[in-house]
Amino acid sequence: MEETIVTIKTIEKVTHNVLRFTFDKSDEIDFIPGQAAEIAVDKDGWRDEAHPFTFTSLPSEDYLEFTIKIYPDHEGVTNELSKLDVGDSLIIKAVFGAINYEGKGTFIAGGAGVTPFISILRDLNEKGELSGNRLIFANSEERDIINRKEFESILGEDFLNILSQEDVEGCAHGRVDAEYLKKSITSPDDHFYVCGPEPMMDAVVDALEKLNVKESQIIQEDLD
Ligand SMILES: Cc1cc2nc3c(=O)[nH]c(=O)nc-3n(C[C@H](O)[C@H](O)[C@H](O)COP(=O)(O)OP(=O)(O)OC[C@H]3O[C@@H](n4cnc5c(N)ncnc54)[C@H](O)[C@@H]3O)c2cc1C
């Protein structure tokens with residue numbers, strides 16, 4: 001794929017540290033739900049700093065969307081993204097793999113690791129095929145939960161939240177371990193999609209293996 005320049009249409013706050021950017025869609029960009037792109041800020045000094053971010057819009061939509069957690073202390077790409085305005089542009093350098101939907105299952109996300117699942121679950125919902133899938137979303141605090149209302153609306157009781165740093169009504173308290181998964185998994189023969197920071201992913205995969213989930217059932221991508 002040729003490098004493509006896309007212009008910011010909207011910027012919206014999703015949580016205290018996550019922004020949603022939308023862009024005009026370019027015909028040169030082709031992706032499937034769950035895929036990511038290497039993106040750079042189109043400003044002097046930043047054009048060679050491409051980092052991966054996942055498309056959270058659907059291929060059928062007439063705009064592109066990315067949902068991006070900002071790390072303001074790092075003076076890196078996400079901090080630079082947070083300074084952009086509508087009308088500024090980004091360079092999309094490559095579209096690549098990440099997580100593909102392979103059939104009904106349990107999606108287990110940590111923080112911004114939910115991004116590939118946003119487009120996969122939206123796509124299934126649009127096709128009327130969401131039933132039988134479940135999302136377990138692990139965060140530190142309630143305020144970190146990305147797209148909570150949307151997930152509640154499309155998944156209902158199949159949307160489970162677990163918070164490591166807060167004990168609040170409607171969310172489990174703790175980490176995603178074997179004990180929690182045993183209570184939360186309803187279809188042990190299904191696929192398990194896991195995406196999040198590497199330590200969380202290792203712990204979740206270990207826990208799944210303790211529950212006799214086969215390696216071939218686990219589809220994973222870390223964000224590090
Ligand atoms: C395939 C793939 C898809 C991805 N999709 C998305 C997506 O859709 N949305 C999204 O938000 N992210 C996504 N990520 C992660 C994203 O690429 C990184 O968060 C981003 O590149 C960080 O860039 P940076 O220059 O701002 O931070 P860097 O300086 O590169 O920081 C590197 C890492 O350090 C950690 N870090 C940064 N600041 C702090 C801090 N203050 N305290 C503790 N740790 C810190 C984070 O883990 C960060 O990722 C994806 C990653 C991969 C591999």
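Into which domains is the protein divided? In this model, which is a predicted one, the protein is split into domain 1, residues 4–96, and domain 2, residues 105–222, and I would like to use that division to organise what I say this morning.

Let me begin with the whole chain before I come to its parts. The secondary structure amounts to five helices and 12 strands. For 224 residues, a compact globule would be expected to have a radius of gyration near 17 Å, and since the protein has 17 Å, the two agree. Along the principal axes, the C-alpha atoms occupy a box of roughly 50 × 35 × 30 Å. As for burial, 34% of the 224 residues count as buried, and among the contacts with a separation of 6 or more, 69% are made by residues that lie 24 or more positions apart.

Now to the relation between the domains. Their centres, taken over C-alpha atoms, are separated by 24 Å, and where the domains meet, 13 residues of domain 1 are in contact with 14 residues of domain 2. On the domain 1 side of that contact, strand E1, residues 4–15, and strand E5 each supply at least two residues, and by class this side has five nonpolar, seven polar and one charged residues.

Within domain 1, I would follow strand E6, residues 89–96, through its pairings. Strand E1 pairs with E6 in the antiparallel sense over four bridges, and in that pairing Val6 stands opposite Leu90. Strand E3, residues 36–41, also runs antiparallel to E6, joined to it by six bridges, with Ile39 having Ile92 as its bridge partner.

From Ile39 we can step across to Thr54, which belongs to strand E4; the two are 15 residues apart in sequence and 9.8 Å apart in space, C-alpha to C-alpha. Is Thr54 buried or exposed? It is buried, because 28 other C-beta atoms lie within 10 Å, where the cut-off for buried is 20 or more. Setting aside its neighbours within four places in sequence, Thr54 is in contact with Ala36, Ala98, Thr115 and Pro116.

A contrasting case is Glu61, which sits in the loop between E4 and E5. Glu61 has 14 other C-beta atoms within 10 Å and is therefore partly exposed. Lys25 is 36 residues away from Glu61 in sequence, yet the distance between their C-alpha atoms is 8.3 Å.

Turning to the second half of the chain, what is the order of the strands in the open sheet of six? The order is E10-E9-E8-E7-E11-E12, and the pairing is parallel. At the edges are strand E10, residues 172–173, and strand E12, residues 218–222, each of which pairs on one side only. One of the pairings inside this sheet joins strand E7, residues 105–110, to strand E11, residues 191–196, over five bridges in the parallel sense, with Gly105 standing opposite His191.

Two loop residues deserve a careful look for their backbone angles. As a reminder, most residues other than glycine have a negative phi. Asn147, although not a glycine, has a positive phi of about 55°, and Asn212 likewise has a positive value, near 65°. Asn147 lies in the loop between strand E8, residues 134–139, and helix H3, residues 148–155, whereas Asn212 is found in the loop between helix H5, residues 198–210, and E12. Their surroundings can be set side by side: Asn147 is buried, because 23 other C-beta atoms lie within 10 Å, while Asn212, with 8 other C-beta atoms within 10 Å, is exposed.

I will finish with the ligand. Which residues come nearest to the ligand? Of the 21 residues around the ligand, those that come nearest are His51, Tyr71, Gly76, Thr78 and Thr115. The elements that give two or more residues to this shell are strand E4, residues 51–54, strand E5, residues 63–69, and helix H1, residues 77–81. By class, the shell divides into 10 nonpolar, eight polar and three charged residues. To return to the division with which I opened, the shell draws at least three residues from each of domain 1 and domain 2.

Definitions and conventions:
Residues are numbered from 1 along each chain as its sequence is written. This is a predicted model: local features need pLDDT of at least 70, side-chain atom pairs count only at pLDDT 80 or more; totals for chains, interfaces and linings use all residues. A residue is near a molecule or strand if its C-beta atom, placed from the backbone, lies within 6 Å of it. Ala, Val, Leu, Ile, Met, Phe, Trp, Tyr, Cys and Pro count as nonpolar, Asp, Glu, Lys and Arg as charged, and the others, Gly among them, as polar. Domain bounds come from an automatic or database domain assignment. The radius of gyration is taken over C-alpha atoms; the globule rule is 2.2 Å times the number of residues to the power 0.38. A residue is buried if 20 or more other C-beta atoms lie within 10 Å of its own, exposed if 12 or fewer, and partly exposed in between; C-beta atoms are placed from the backbone. Two residues are in contact if their C-beta atoms, placed from the backbone, lie within 7 Å. Two strands pair if DSSP finds at least two bridges between them.
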